[in-house]
Amino acid sequence: MTRQCIEGRDWKSRLRFCLMAAAALALVPVMPVAAQEGDEPNAMVPTIQKGRAYSPYAQRNVPTMVLFGDTHVHTALSADAGGGGTRLLPRDAYRFARGEEIVSNTGQKVKLQTPLDFYMITDHSDGMGAIVDILKGAPNILADPVGRQFHEAFKKGGAAAGQAAKDMTAMFAQGKVPEAMNYQPGNPAYKSTWEDLIAAADEFNEPGRFSTFFAFEWTSLVKGNNLHRNVIFRDGAEKVSQIVPYTTTAPLGSPDPRALWAWLQMYEDKTGGQVLAIPHNGNLSNGMMFPEVDDFDGGKALDAEYAKTRQKWERLYEVTQNKGDGEAHPVLSPTDEFADYETWDQGNLDLSEKKTPDMLPHEYARSGLKLGLELQEKLGTNPFKFGMVGASDTHTALTTPDNDNFFGKFTQYEPSPDRANHLSRKAQQAGGKDLYAWQYITSGLTAVWATENTRTAIWDSMQRREVYATTGPRMRVRFFGGFDFSADDALSRNLAEVGYSKGVPMGSDLVAAPAGKPASFLVFALRDPVGANLDRIQIIKGWLDKDGKPQEKVYDVAWSGDRKAGADGKLPPVGDTVNLSIPSWTNNIGASELGTVWIDPDFDPSLRAFYYARVIEIPTPRWTAYDRVRFSLDLPKDIPLKQQERAYTSPIWYNP
């Protein structure tokens with residue numbers, strides 16, 4: 001091409017040809033990537049371009065901005081939040097999330113150490129706004145005997161209000177909310193509530209600084225089993241205002257996920273917009289989150305349509321939140337010493353059933369990913385091909401992911417001397433486990449690799465799964481997969497240039513390994529600037545063996561210090577600098593950053609697999625340790641006071 005620019009043409013023709021050739025080169029990606037299974041065209045994997053300027057930052061078209069936010073927030077508009085004492089409304093939540101100091105539901109001043117970059121208020125669609133009318137005694141509420149009873153109980157306050165809050169929460173969990181209190185589509189008050197939510201989100205949306213989204217929670221419950229999904233819109237008010245949220249109550253709603261997916265399709269067909277749904281962490285689903293049969297269709301085996309439809313709409317999964325961590329379970333991963341992290345083993349949302357071992361594989365992310373590989377072999381599509389996100393599921397309108405600033409999941413667990421060992425809920429039957437407030441955790445946040453801080457850029461990153469979950473710290477984590485990474489690539493200070501040029505980012509696919517080349521992965525993590533050092537980076541691999549059986553293995557790939565693995569292949573612990581009397585820790589162990597190129601030593605190009613990175617911090621004090629010192633508490637010994645927080649990247653899948 002260079003010789004054609006120089007030879008055989010007059011100078012005008014040569015100049016025109018050279019300019020055209022240069023322009024063409026600048027637009028040709030190094031590695032053209034086809035749309036992934038179930039992807040829309042806008043979900044293409046970013047790639048680095050050839051023929052770029054000397055400056056590595058000029059003409060860059062890949063996401064280099066990591067943004068942190070919460071995808072799951074409830075305000076006083078949700079029945080179980082408002083009924084439990086939450087008085088903060090969406091505008092209060094937005095002010096707090098963007099960094100302002102406000103007064104909490106219990107009258108305490110509260111502020112974030114570091115503002116969030118984006119925020120999604122997801123109040124329950126069923127009964128949205130009804131609790132506000134119950135509290136103020138709206139005429140339609142007072143006309144109903146049950147509505148009047150609740151209003152009077154809340155007005156009395158004290159024990160009466162507390163009992164009313166418990167009764168309302170139980171009604172909500174069991175789907176037994178009286179008609180007058182269960183605001184639904186068609187109710188003018190319901191539409192007005194949604195319109196005000198739209199207005200509030202637009203008021204606080206500041207592209208480039210703080211992005212807000214239109215969203216709601218679809219709260220499917222089957223006898224207390226949690227199948228909730230958060231519905232997140234890409235669009236602006238002109239499209240979202242054409243609908244009202246979908247609910248679980250007949251005749252206009254349904255608790256069946258297939259019905260939700262049909263509604264999502266209806267929204268896109270009607271408005272030309274885009275939307276996705278994020279399932280809650282499944283540890284309270286009693287084995288229903290990652291099913292092998294359709295629980296809403298007589299227990300029939302899942303079919304190809306189910307797999308394709310779920311993959312289309314549910315590209316992310318909430319792997320960690322206030323109600324425990326959902327990455328792995330020690331029973332399912334007995335050789336993984338980090339699997340038992342903030343594990344919840346309550347039966348379901350209202351504690352009415354006992355957890356049984358056969359439920360666990362259908363509740364946790366790692367086992368769900370393995371089950372997805374199995375179903376892909378049977379159905380042709382992987383229904384559980386999801387990226388990892390974290391969220392709070394706060395019901396106080398306050399996202400507080402830092403352990404020294406934790407304001408609880410519900411209003412009654414905002415800071416107080418009595419909250420840590422408070423009996424949150426008594427199990428409803430013999431064999432169930434009681435729930436205590438100390439079991440709630442500060443988790444979590446969603447990290448998004450985006451090109452800019454706007455609704456569309458963030459949503460697009462979520463759609464292509466270029467996201468990761470953290471239990472609270474703001475670690476920067478990169479994860480790329482390919483077949484050509486070398487050890488020197490981990491030394492680059494411009495990982496985007498290397499990663500996108502030679503591979504694909506988290507959330508993507510690798511296909512058909514070149515002959516003789518195993519899968520290789522570039523992974524790098526930088527600690528939270530105001531947080532703890534890093535202990536290690538691990539890569540978790542799941543695959544189907546030659547007999548079609550799911551397997552998993554955890555590899556330590558980068559770690560701090562000069563530790564060496566023992567005969568069992570395990571690294572010694574990083575150490576512990578936590579001082580519980582303060583409480584605090586020091587960063588004189590661990591590393592501020594870790595990175596490496598890891599080549600799968602067990603790679604078989606004929607076997608389907610997934611890989612994701614887990615980044616683990618050194619030990620730090622838990623929120624219970626801060627309460628212990630601040631309130632001079634003598635806590636029972638079974639209450640944990642330390643933890644090792646972590647991040648989980650979205651997987652990269654290998655498909656032969």
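**Cores, cavities and odd backbone spots**

Biologist: Which residues have the most contacts inside the largest nonpolar core?
Modeller: In this predicted model, that core has 84 residues, and those with the most contacts inside it are Tyr-119, Phe-154, Trp-194, Phe-216, Phe-233, Leu-264 and Met-388.

Biologist: Which helix gives the largest share of this core?
Modeller: Helix H9, residues 188-204, with 7 residues.

Biologist: And what is Trp-194 in contact with, leaving aside neighbours within four places in sequence?
Modeller: Met-128, Ala-215, Phe-216, Phe-233, Val-240, Ile-243, Val-244 and Pro-245.

Biologist: What about a second core?
Modeller: There is a separate one of 37 residues, with Val-66, Ala-519, Ile-537 and Val-615 among them. In soluble globular proteins, nonpolar side chains tend to be buried together.

Biologist: Changing topic. What is the mean pLDDT?
Modeller: The mean is 91, and 92% of the residues reach 70 or more. Residues 1-43 are below 50, and that stretch has 55 contacts in the model beyond near neighbours in sequence. Where pLDDT is low, the predicted coordinates should not be read in detail.

Biologist: Cavities, then. How many are there of 30 Å³ or more?
Modeller: The count is 5. The largest has a volume of about 110 Å³. It is lined by 14 residues, and the closest to its centre are Pro-257, Pro-291, Asp-295, Phe-296 and Tyr-306.

Biologist: Which elements supply at least two residues each to that lining?
Modeller: Helix H11 (257-271), strand S11 (293-294) and helix H12 (304-313). By class, the lining of the largest cavity has 8 nonpolar and 6 charged residues, and no polar ones.

Biologist: And the second largest cavity, what lies nearest its centre?
Modeller: Ala-79, Ala-130, Met-168, Val-177 and Met-181, out of 12 lining residues. The space in the second largest cavity is about 90 Å³. Helices H5 (130-136) and H8 (158-174) each supply at least two residues of its lining, which divides into 9 nonpolar, 2 polar and 1 charged.

Biologist: Now the far end of the chain. Is Tyr-626 buried or exposed?
Modeller: Tyr-626 is buried, because its relative accessible area is 10%, under the 20% cut-off. Tyr-626 sits in helix H16, residues 623-630. Leaving aside neighbours within four places in sequence, its contacts are Asn-403, Asp-404, Pro-583, Trp-585 and Pro-621.

Biologist: How far is Tyr-626 from Phe-406, C-alpha to C-alpha?
Modeller: The separation is 9.4 Å, with the two residues 220 apart along the chain.

Biologist: And Thr-620, where is that?
Modeller: In strand S28, residues 620-621. Thr-620 is buried at 5% relative accessible area. Beyond neighbours within four places in sequence, Thr-620 is in contact with Ala-532, Val-578, Trp-585, Leu-641, Lys-642, Gln-643 and Glu-645.

Biologist: Backbone next. What is omega for the cis bond between Ala-250 and Pro-251?
Modeller: About 5 degrees. Pro-251 is in the loop between helix H10 (237-240) and H11. The bond from Ser-443 to Gly-444 is also cis, with omega near 5 degrees, and Gly-444 lies in the loop between strands S17 (435-436) and S18 (445-450).

Biologist: What about phi at Leu-351 and Ser-632?
Modeller: Leu-351 is not a glycine, but its phi is positive, about 60 degrees. Ser-632 has a positive phi too, near 50 degrees.

Biologist: Which loops are they in?
Modeller: Leu-351 is in the loop between strand S14 (324-325) and helix H13 (365-379). Ser-632 is in the loop between H16 and strand S29 (642-643).

Biologist: Are they buried or exposed?
Modeller: Leu-351 counts as buried, because its relative accessibility is 3%. Ser-632 is exposed, with a relative accessible area of 66%.

Conventions: Residues numbered from 1 in each chain as written. Predicted model: local features only at pLDDT ≥ 70, side-chain atom pairs only at ≥ 80, totals over all residues. Heavy atoms only, no water. 1 Å grid on protein atoms, 1.4 Å probe; cavity = no way out; pocket = protein on both sides within 12 Å on 5 of 7 lines; lining within 4 Å. Points joined across faces, edges and corners; volume = space filled by probe spheres on them. Helix = DSSP H or I, 4+ residues; strand = E, 2+ residues; numbered from the N terminus. Nonpolar A, V, L, I, M, F, W, Y, C, P; charged D, E, K, R; others polar. pLDDT = per-residue confidence, 0-100. Contact = heavy atoms within 4.5 Å. Core = buried A, V, L, I, M, F, W, Y, C linked by side-chain atoms within 4.5 Å. Buried < 20%, exposed > 50% of the residue type's maximum accessible area, 1.4 Å probe, protein only.
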